[in-house]
Amino acid sequence: MTILFDGIAYGMLLFILAVGLSVTMGLMNFINLAHGAFAMVGGYLTVVLMQRFDVPFLVCLPIAFAGTALLGAFLERTLYRPMYRKPHLDQVLFSIGLAFMAVASVDYFVGSQQQIMQLPEWLKGRTELGAGTPWELGMGHYRLFIIAVCAALTVGLQYVLSATRFGSRLRASVDDPRVAAGMGINVNVVFAMTFAVGSGLAGLGGALGAEVLGLDPTFPLKFMVYFLIVVAVGGTSSITGPLLAALLLGVADVAGKYYVPKLGAFIVYTLMLAILMWRPQGLFVRQGGK
Amino acid sequence: MANLQMPLLKKSAVQWWEPVLWLLAFSAPWAFPHHALIINEIAIVALFAVSLDLVLGYSGIVSLGHASFLGFGAYTAALFAKWIHPDPLLGLVVGTAAACVLGALCSATILRGSDLTRLMVTLGMALILFELANKFDGLTGGSDGLQGVVMGPVLGRFEFDLMGQVAASYSLAILLAIFFLARRLVHSPFGATLMAVRDNRLRAMAIGLPVSARLAVVYTIAAGIAGAAGALMAQTTGFASLDVFALERSADVMLMLVIGGVGWLYGGVVGAVVFKLMHDVISNITPQYWTFWMGLFLVVLVMVGRERLFKPWTWMGRS
Amino acid sequence: MNSSTVVLQTHGLVKRFGGITATDHVNLSINQGARHALIGPNGAGKTTLINLITGVLPQSEGRITLEGADITDLAPHQRVSRGLVRTFQINQLFSGMTPLETLVMVVSQHRGLGSRWWQALGQDKAVVERCGQLLEQFRLTDVMHQRTEQMPYGKRRLLEMAIALACEPRVLLLDEPVAGVPAGEREELLHTVSALPVDVSVVLIEHDMDLVFEFAKRITVLVNGAVLTEGTPAEIAQDPQVKAVYLGHGEGAHV
């Protein structure tokens, strides 16, 4: 049961990290392999604030979000926008290039060692339920916190998408950008905001995840594969798709590493391959979606 | 009407600079004996890049896992040499054949879905092979790599020497042979049908091309060639390790191809030379920051436009 | 084969997309040597019907026969090798290749040489000669070495047609072939098509009524996915239902 719990925590974290990528792919049809770099930025921002400026952990989280979101908005406007029309190969090369630059810069300025995240006291510790029974559940408080925050964010995202005007503009733009533009929706603004929020969420995820996933300059490359899996399996036309995919991935990974440690990530990759063979458009795609 | 044949045939005719290039290449290991090792590396990596060009440049398949075949060929050849027979050419054939089989099996995975799906599927394949090689460490040596591969003499006469000159010449010879075959292929009607599939899959179907079958065939061939490169790698270094499956390999070779130009076979060769030399030079100056400059280069390259920066007459590989 | 032999036939062809019936029990019958036009208002489902016949879209119900053989379960490229060829309303060309290369490739494929990998493109004299003929026939000789993506629109439309003919069609389905072609050349293009030998049967989707009446010997009218009526040009021109469909649209009449 603990494994399930840990898996869910991991999955929710992955979801928050990857949801921006999924929406960007669906909206702008842009393969952004530098997405992991935004997560890394959020993580490092948090670490630096906490270590150098003694900013409390909880305060760092919104700052990580906002800071990364600003960075995302800036880059979208300047670098990414001309890339939307380019073929996918170019987008892949471009974003890999950005990721490389980010990785190398962080390595240069901060060094390549793992960053240690000092959690506040009240987040450390564990609660054990039903010890000794098969339903034994050990809940790390931090993981509980992660689940709570991510769940809240998910609900918030779903609300924004379905009940606000921005949400409906976003959905219209995903469905058909030209028609949306023709209806008076400022597609550029929608793109910019979405990219910013997506990057911000990645940054937040990076900050949240630093303790669980580790934080060093190779973070973007190491985890990019996982984000891509979430997007490829979950599809780009909803947020429930990537959510379920992320949960599935999280649980599979944790369970796999626990029960069959030698195989490690093998299970995850094989699962992904099998799913993509069976449903090349992803598991949870609407009929007629992209 | 015969004058229509000429422009077509001219495209596939051997250009004046080609024999010169190859002559220079073959004399290099003997003229610069201390650089024979890197020449060998360049030849191998050029072969790998050429195989990716068939898939990416001529057929439009975006693959981030081409190293699967490189690695599979390498391990097969290494194991063959170690346990069955140390003859290099035999091992080369076995490695190539094994990679072909893997390619044929995997080709089913790249036929459907979007570019992203293909990216993931090819990447996933390489990662799976990595994990498998890691797991079966009794066979493969795991993270220590497969060591102690001792090769017999090439063609029964040329022993591999310590300087690497024989190795370099061997690799160059194989590169030339395969390159020549690939060249014929891309300038043939078959090659033209591949480009048609790349440019407009819908229309390709509408003129009667069995698209899936074509893609499967070219993927298998490219896999075999990559396997040959892997076999050469294992044979000339006497060693096979896990990083042959790593993402960096697949990414590096894609980079090389982009540098040299996608869609004209020499792009792989040129790109390999330029990349390796750049890597050598930059690594000696600032070892950690190779990544940064590579990244910057990529960003600038894409923003300026791949066509405009290099060879304007090259066709951009449309994914 | 005489002109009363049926070469292409659809039997109760139906296509549904979710709740919409795009093709409604269409029975189409094309005779040998036909010059057959398919007309109807926008959204009538003409292109959908072509997509069904060529196998690009799978049908919800119904069967299709080509020269007596049931082709319903054949893949698109298999139908093409049996002689069922189409052109597209929007040019579908091979951007990186020149017209000469394109045609040589298509003709090679059709003569069974498409999988030859050791021979150079252009080495087969007969193939190249055939391409030279096609290039001349479609006035493409002056641009034959230009990359398709650099050619002017009118020439690209001509290439679109030339490619179809290079496939040695027995039944040719043309989807608005003269759209975008300058007025003076339209008649000529259609004349080239009409002048095709009798063993090629042609079905044409077109909106320009003058051209339709000049070209077609038989017309099928499609409305809302179903066949409204079928007959000779004279019959169709006088059919009150057809008039209502076409003339009524601008004057508030209902269909």
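How many helices and how many strands make up the secondary structure of chain B? Select chain B and colour by secondary structure: there are 15 helices and 0 strands, where helices (H or I, at least four residues) and strands (E, at least two) are DSSP runs, numbered from the N terminus.

Before going further, note that this is a predicted model, in which local features need pLDDT of at least 70, side-chain atom pairs count only at pLDDT 80 or more, and totals for chains, interfaces and linings use all residues. Residues are numbered from 1 along each chain as its sequence is written, while chains are lettered from A and ligands numbered from 1 in the order in which they are written.

**Chain B as a whole**

With chain B still selected, turn the C-alpha trace and see that along its principal axes chain B spans about 55 × 45 × 40 Å. The radius of gyration of chain B is 19 Å, close to the 20 Å that the globule rule gives for 319 residues, so chain B is as compact as a globular protein of that length; this radius is taken over C-alpha atoms, and the rule is 2.2 Å times the number of residues to the power 0.38.

**Where chain A meets chain B**

Next, show chains A and B together: 39 residues of chain A are in contact with 34 residues of chain B, two residues being in contact if their C-beta atoms, placed from the backbone, lie within 7 Å. On the side of chain A that touches chain B, the elements that give two or more residues are α4 (88-110), α9 (219-234) and α11 of chain A, and the largest share, 17 residues, comes from α4(A). That side of chain A divides into 29 nonpolar, 6 polar and 4 charged residues, where Ala, Val, Leu, Ile, Met, Phe, Trp, Tyr, Cys and Pro count as nonpolar, Asp, Glu, Lys and Arg as charged, and the others, Gly among them, as polar.

Now select residues 266-278 of chain A, which form helix α11, and residues 115-135 of chain B, which form helix α6; the two helices pack at an angle of about 145°, with their axes 9 Å apart. Axes are lines fitted to C-alpha atoms, for helices over the stretch in contact, and angles run from 0 to 180 degrees between N-to-C directions. Among the residues that meet here are Phe266(A), Tyr269(A) and Leu273(A) in α11(A), and Met120(B), Ile128(B) and Leu132(B) in α6(B). The residues of this helix contact divide into 11 nonpolar, 3 polar and 2 charged.

**Where chain C meets chain B**

Hide chain A and bring in chain C, whose contact with chain B takes 39 residues from chain C and 29 residues from chain B. On the side of chain C that touches chain B, α2 (76-81), α3 (99-110) and α4 (125-137) of chain C each supply at least two residues, and α3(C) gives the most, with 8 residues. This side of chain C divides into 18 nonpolar, 16 polar and 5 charged residues.

**The two domains of chain C**

Colour chain C in two parts, domain 1 (1-83 + 169-255) and domain 2 (93-168), with bounds that come from an automatic or database domain assignment. The C-alpha centres of domain 1 and domain 2 of chain C lie 26 Å apart, and 10 residues of domain 1 are in contact with 9 residues of domain 2.

**Two sheets in chain C**

Which strands of chain C form an open sheet with mixed pairing? The 6 strands stand in the order β6-β7-β8-β3-β9-β10, and two strands are said to pair if DSSP finds at least two bridges between them. At the edges are β6 (84-86) and β10 (226-231) of chain C, each with a single partner strand, so one side of each is left without a neighbour in the sheet. Strand β6(C) runs parallel to strand β7 (residues 171-175) of chain C, joined by 3 bridges, and Val85(C) has Leu172(C) in β7(C) as its bridge partner.

Finally, find the other open sheet of chain C, in which 4 strands are paired antiparallel in the order β2-β1-β4-β5. Its edge strands are β2 (20-31) and β5 (69-70) of chain C, each pairing on one side only. Helix α1(C) packs on this sheet, touching β1 (6-17), β2 and β4 of chain C. Strands β1(C) and β2(C) pair in the antiparallel sense over 8 bridges, and Leu13(C) stands opposite Val26(C) in β2(C). These two strands form a hairpin with 2 residues between them, and Gly18(C) in the turn has a positive phi of about 60°.
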